[in-house]
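Work through the two exercises below with the sequence and the model side by side, and try each task before you read its solution.

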Amino acid sequence: MAKTLILYASKYGATEKYAKWLAENIHGDLKKTAAVTKEDLAAYECIIFGGALYAGRVNGIKKLTANWDTFKQKKVALFLVGMAPPPNQGAIDSLPAAIKDHAGVFYLRGAVDYEKMGFFTRLLMKAITKEPKSIDFTEEKALTPLIEYVTQWS
Ligand SMILES: Cc1cc2nc3c(=O)[nH]c(=O)nc-3n(C[C@H](O)[C@H](O)[C@H](O)COP(=O)(O)O)c2cc1C
């Protein structure tokens, strides 16, 4: 077992892509929020959480807020994924103060794949992002500041 867990929630795969790149780079264990137990969380020294923005809310963040007593005893970093151009400070600012005070928070640009969406989600997404076509902004090198942050933990 690694000492760092990369915990993530992903609907269309962008956050998952970043989580997998991260796991390769820092040799961490990888788990989805839906599959993780309190015991799993307790076993790690460091946890990196990743979730995408959906109408300003972070997918999967409940796992953090509901288990904050466990998280606050660990080294924690977050990466938020969204279509808005970086730095998307508004999304970072809207996180609970307890999380921002304790954890390093990073923002990464995601992807939109209209092929994977239903009609209404596609309409909503086009209105939010103004992107007329599917587009993928994910890139491994965007993880560099986060990797540097977690590397200074050890
Ligand atoms: C219904 C909907 C709402 C979204 N809301 C936001 C938003 O508020 N801010 C943002 O930057 N991106 C927003 N996005 C874009 C997603 O965060 C982006 O597509 C991300 O890559 C999805 O990651 P995932 O596939 O890992 O879930 C939204 C996407 C959808 C489909």
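**Exercise 1.** How many of the nine residues of β3 are buried?

*Solution.* Begin with the ground rules: the model is predicted, so to speak of local features a pLDDT of at least 70 is needed, side-chain atom pairs count only at pLDDT 80 or more, and totals for chains, interfaces and linings use all residues. Residues are numbered from 1 along each chain as its sequence is written.

Next, fix the terms: strands (E, at least two residues) and helices (H or I, at least four) are DSSP runs numbered from the N terminus, and a residue is buried if 20 or more other C-beta atoms, placed from the backbone, lie within 10 Å of its own. Counting in this way, seven of the nine residues of β3 are buried, and the strand is mostly covered.

**Exercise 2.** Which strands pair with β3, and in which sense?

*Solution.* Two strands pair if DSSP finds at least two bridges between them.

- Strand β1 (residues 4–9) is parallel to β3, with six bridges, and Y8 stands opposite G50 of β3.
- β5 also runs parallel to β3, joined by seven bridges, where G51 has L80 in β5 as its bridge partner.
- Strand β4 (residues 57–58) runs antiparallel to β3 over two bridges, with Y54 opposite R57 of β4.

As a last step, look at the turn: β3 and β4 form a hairpin with two residues between them, and A55 in this turn has a positive phi of about 50°.

Conventions: Buried ≥ 20, exposed ≤ 12 C-beta atoms within 10 Å, placed from the backbone.
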